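Me: I would like a close look at a single part of this model. Please start from one residue and what it touches, then work outward to the surroundings.

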Amino acid sequence: MSTMESFTPIASTIGGLLIGTAAAGLLLFHGRIAGISGIAGGIFRREAGDISWRVMFLVGLFAAGAAWSLFYPQDYVVEISRSTPALIVAGLAVGIGTQLGSGCTSGHGVCGIGRLSKRSTVATVSFMITAALTVFVVNEVLGGSI
Amino acid sequence: MKVTIGAFLGGALFGVGLAIAGMTQPAKIVGFFDFFGSWDPSLAFVMVGAILVYTPVYRWAIRTWQHPVWAPAFSLPTRSDIDGRLVLGSAIFGVGWGLGGYCPGPAFTSVGARSQEALTFGLAMLIGVGIYQVFMRMREKRNGGAVDPQAAAMIDG
């Protein structure tokens, strides 16, 4: 393990507090879990009266990126080497996997663990293990590029 | 109207939090799992920070609030059993997360930031979400109702 030159404990904690505040706000005002994959998946289910808040949450997420990147474009740089086919496979895996496993980093990792849910804890351990194995293969076997 | 503005502001705050936390940079995600290279523990600080706010608010709300401000009731996950679908789906998600360096939240907000990589990843992700949801709906139709409503609905988040 070499030096942790990119470690950002303070900024990451502040960002985490804001994410927690946003998730808590969605719970207090809408009574919903702030799981991004669940919010997106529900749009495809097209249940009446259950669409607009989902779309608006995702539009807010999108708008934040659009606005924030005008002032801090370096927050969105991609410094890992990934081909287009690798990104497509990754996207499909995240799309299908989060629906099958009914949650992602936000729904299971933050809200689920925050609710002390056994299911979400197991899910988080599961996706952390396979993410670590995947990064090991890409970085140590394939030389960091795919 | 106020309902959609609330969801919009929630999404926007979530997006700003992700950017400040560094979670919109795939290198920081990959770095968290790069135990044999230059390990970057930032992701753990993000999760702990978020849970530190979320857990007390959640516990207080479900104990003392009759209903959320703009909804008749809280819509919370109820299931507690561990099934293969949960573990397998999460495992597949983890492969994609490690491969692309994006999970759904950072992907959506980085598309807003006009990242080409996020756009490619995000479109494939939406196709994946759509394939699953359409497939489940077809299965439900064939069976004349919800075969396994908890499998189709996003029950944990």
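Reply: The residue to start from is B:Ala19. Leaving aside residues up to four places away in sequence, B:Ala19 touches A:Trp68, A:Asp75, A:Tyr76 and B:Thr24. That list includes residues of chain A as well as one of chain B. The model is predicted, and the contacts should be read as part of that prediction.

B:Ala19 sits in helix H1 of chain B, which covers residues 2–21. Is B:Ala19 buried or exposed? Its relative accessibility is 1%, so B:Ala19 counts as buried, the limit for that word being under 20%. A second position in chain B gives a sense of distance: B:Arg85 is 66 residues from B:Ala19 along the chain, and their C-alpha atoms are 31 Å apart.

The next step outward is the contact between the two chains. Chain A puts 114 residues into the contact, and chain B puts in 113. Between them, chain A and chain B bury about 10,300 Å². Carbon and sulfur atoms give 73% of that area. Of the area that chain A buries against chain B, 8% is supplied by A:Arg45, A:Leu100 and A:Arg119, and no other three residues supply more.

Helix H1 of chain B also takes part in an enclosed space. The structure has two cavities of 30 Å³ or more, and the largest cavity has a volume of about 160 Å³. Which parts of the chains line the largest cavity? At least two residues each come from H5 (105–114) of chain A and from H1, H3 (42–64) and H5 (104–112) of chain B. H3 of chain B has the largest share, with four residues. In total 19 residues form the lining, and those nearest the centre of the cavity are A:Thr105, A:Ser106, A:Val110, B:Leu18 and B:Cys103. By class, the lining has 16 nonpolar residues, three polar and no charged.

The second largest pocket has a lining of another make-up. Its space is about 290 Å³. Its 15 lining residues include three nonpolar, six polar and six charged. Nearest the centre of this pocket lie A:Glu79, A:Ile80, B:Ala27, B:Val30 and B:Gly31. Helix H2 of chain B, residues 26–32, gives the most to the lining, namely four residues.

Two residues of chain A deserve a look at their backbone angles. Most residues other than glycine have a negative phi. A:Ser102 is not a glycine, yet its phi is positive, at about 45°. This serine is in the loop between H4 and H5 of chain A, and A:Ser102 is buried, with a relative accessible area of 4%. A:Leu116 also has a positive phi, near 60°, without being a glycine. A:Leu116 is in the loop between H5 and helix H6 (118–141) of chain A. With a relative accessibility of 60%, A:Leu116 counts as exposed.

Last comes the confidence of the prediction in chain A. The mean pLDDT of chain A is 93, and 97% of its residues reach 70 or more. Helix H4 of chain A, residues 84–100, has the highest confidence in that chain, at 97. The lowest is in helix H2 of chain A, residues 36–45, where the mean is 91.

How values were computed: Residues are numbered from 1 along each chain as its sequence is written. Chains are lettered from A and ligands numbered from 1 in the order in which they are written. This is a predicted model: local features need pLDDT of at least 70, side-chain atom pairs count only at pLDDT 80 or more; totals for chains, interfaces and linings use all residues. Side-chain values use heavy atoms; hydrogens and water are left out. On a 1 Å grid over the protein atoms alone, a cavity is a set of points where a 1.4 Å probe fits but cannot get out, and a pocket is an open set with protein on both sides within 12 Å along at least five of seven lines; lining residues have an atom within 4 Å of a point. Grid points are joined across faces, edges and corners, and a volume is the space filled by probe spheres set on the points. Ala, Val, Leu, Ile, Met, Phe, Trp, Tyr, Cys and Pro count as nonpolar, Asp, Glu, Lys and Arg as charged, and the others, Gly among them, as polar. Buried means under 20% relative accessible area, exposed over 50%, partly exposed in between (1.4 Å probe, protein chains only). Contact means heavy atoms within 4.5 Å. pLDDT is the predictor's confidence in each residue, from 0 to 100. Buried area is the accessible area (1.4 Å probe) that two parts lose on being put together, summed over both.
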